[in-house]
Every structure is written in C-alpha cells, then in structure tokens.
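Got the viewer open? Here is a short tour of what to select next and what you will find there.

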Amino acid sequence: SDATGALWFGSFGQGLYRRTADGHVQHFMPSSDGTGLPDENVLAMAIGSDQTVWIGTSSGLVLWRQGRFIPYDNAQLPSKLILNIIPDGEFGIWIGTQAGLALIGPDGKAVRPAWHAKLSHHTVLNVLRESDGVRWVVTNKGLNRIENGDVRIFYPKVSFISAYQDRQGGFWFGSEQGILRQPKSWRYFDSYQVNDGSLGIRNLE
C-alpha cells in the first residue's frame, strides 16, 4: 500500500487498479493523450522512499505522484519492457529490463552500472543487499555477488525464478531445481533440492 493506504494491483492486459482506503476502486488504462499508462500490461510495481509509485509496463516506465501519472524518459533505459523495479535505499531504484539492468538515481537519471556486462545473464530478477553493502544480483541464469565493482558468479547454469530476503537478513533463492538459502553472514548455501539434488552446497570462500 502507498502512503494514503491505497492498494495497487497490476494486470496483464487490463491495466492498473487502485483501491483507496475507503474502498473506492480506480481503474487505469492507457490514454490517447499520453498522460496515463504507457501500456495495459503492468509487469512490475514498487514504492520509493518518497512514496512515489513506480510502475513498469511492457512499453515503459511511469510514475504516480500526488494523484497523477508522470511520464518517465524511457529512452534512458536499456529497454522499454520493464521486468522488475527494486528500490535501493542507498543508490535509488534498480530497473530490470528485457535488455539489462539500469539504476535511477535521486536526480531521476538512469545509468548502467559499470559491471553490468559482467553479469551471468541480462534478465535481472532482484537485487539484494547485505548489511555491509555488498549486493547480490539475481538473474535468470546465475547469482552475482557484487563487491567494490567486482562480480563473482555462482550457479551460472541454474535457472532462477525468485529471490527473497528474510527478517534476519538471510537470502532465499528459488530455482527450477530447488531452493538455496544463505543465512546472514554465512559463506555457504544450504540447498533444498528437487529430484537428484543437482544444486549441491557451495562454499563462498
């Protein structure tokens, strides 16, 4: 929910819904004047630190602020097909697109990280942060640990589906072969495998 208590629901093909705190439902679809959604396919949403709602569609990014849509300059992004929006309290907003990752800073400008070409795959599912500032970039093929600009790749042949950080700061990675768990400050993965247990346990040292 946003700062007003409204709940947002994105859909594929039916635009965006907003349920206000008093139960009123608003329905948003693309508008001919370009002031609404770029597309009826809403693929990702997130709320920034300033309570701006970031909305990603298959035709670009748009913002919701103070009761109205604000277009974003999608030419800055690697692709207009937005797959993920990940707020980062230190750097800004990570945007995962069909053609790779971008970072939108507080000034609203998008940049490609210097290490983006080193990632194991261009489709980014999530960006997770360790307490010491190290980032984990979870892609469709492999996990990437980013520290001081250096990229270490783990499980590059594994197809990951999702990633989650628990309340203790540990990470959970879901894949087609099972689940990997990295407890906070530990340097190895626990694995919960499917079928033949092909993930194994990997030490990070």
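Start by selecting arginine 145 and glutamate 130: their side chains meet in a salt bridge, 3.6 Å from N to O. Keep in mind that you are looking at a predicted model. Colour by strand and you'll see arginine 145 in β14 (residues 141-147) and glutamate 130 in the loop between β12 and β13, so this contact ties together parts that are 15 residues apart in sequence. Switch on a surface and both partners turn out to be buried: arginine 145 is, and so is glutamate 130.

That pair is one entry in a count of 7 salt bridges. For the next stop, select Asp88, Glu90, Arg129 and Arg135, which salt bridges link into a network. Take it one contact at a time.

First, zoom in on aspartate 88 and arginine 135, whose side chains form a salt bridge at 2.7 Å, N to O. Aspartate 88 sits in strand β8 and arginine 135 in strand β13, so the contact joins parts 47 residues apart in sequence. Are these two buried or exposed? Aspartate 88 and arginine 135 are both buried.

Now slide over to glutamate 90 and arginine 129, another salt bridge, with the closest N and O atoms 3.5 Å apart. Glutamate 90 belongs to the loop between β8 and β9, while arginine 129 is in strand β12 (residues 124-129), so here the parts tied together are 39 residues apart in sequence. Check the accessibility: glutamate 90 comes out at 48%, which counts as partly exposed, and arginine 129 is partly exposed too, at 35%.

Time for the rings. Show every Phe, Tyr and Trp side chain; a search of the whole structure turns up 17 aromatic pairs. Go to tryptophan 8 and tryptophan 64: the ring centres are 5.3 Å apart and the planes sit at 70°, over the 60 degrees needed, so this pair is edge-to-face. Tryptophan 8 is in strand β1 (residues 7-10) and tryptophan 64 in strand β6, so the pair bridges parts that are 56 residues apart in sequence. Both fall under the 20% cut-off for buried: tryptophan 8 has a relative accessible area of 12%, and tryptophan 64 has 9%.

Next, pick tryptophan 136 and phenylalanine 171. They make an edge-to-face pair as well, 6.4 Å centre to centre with 70° between the planes. With tryptophan 136 in strand β13 (residues 135-139) and phenylalanine 171 in strand β16 (residues 171-175), the pair ties together parts 35 residues apart in sequence. Tryptophan 136 and phenylalanine 171 are both buried. Don't stop at those two: add Phe154, Tyr155, Phe160, Phe173 and Phe189 to the selection, and you have a cluster linked by ring pairs.

Last stop: the largest pocket. To get there, select Ser49, Asp50, Trp54, Ile93 and Pro106, the residues nearest its centre among the 19 that line it. The space inside comes to about 330 Å³. Which strands each supply at least two residues of the lining? They are β6 (60-65), β8 (82-88) and β9 (92-97). Two of these were on the route already: β6 holds tryptophan 64, and β8 holds aspartate 88. Finally, colour the lining of the largest pocket by class and you get 8 nonpolar, 7 polar and 4 charged residues.

Methods: Residues are numbered from 1 along each chain as its sequence is written. This is a predicted model: local features need pLDDT of at least 70, side-chain atom pairs count only at pLDDT 80 or more; totals for chains, interfaces and linings use all residues. Side-chain values use heavy atoms; hydrogens and water are left out. On a 1 Å grid over the protein atoms alone, a cavity is a set of points where a 1.4 Å probe fits but cannot get out, and a pocket is an open set with protein on both sides within 12 Å along at least five of seven lines; lining residues have an atom within 4 Å of a point. Grid points are joined across faces, edges and corners, and a volume is the space filled by probe spheres set on the points. Helices (H or I, at least four residues) and strands (E, at least two) are DSSP runs, numbered from the N terminus. Ala, Val, Leu, Ile, Met, Phe, Trp, Tyr, Cys and Pro count as nonpolar, Asp, Glu, Lys and Arg as charged, and the others, Gly among them, as polar. Rings of Phe, Tyr and Trp (its six-membered ring) pair if their centres lie within 6.5 Å; planes under 30 degrees apart count as stacked, over 60 as edge-to-face and the rest as tilted. Buried means under 20% relative accessible area, exposed over 50%, partly exposed in between (1.4 Å probe, protein chains only). A salt bridge is a side-chain nitrogen of Lys or Arg within 4 Å of a carboxyl oxygen of Asp or Glu.
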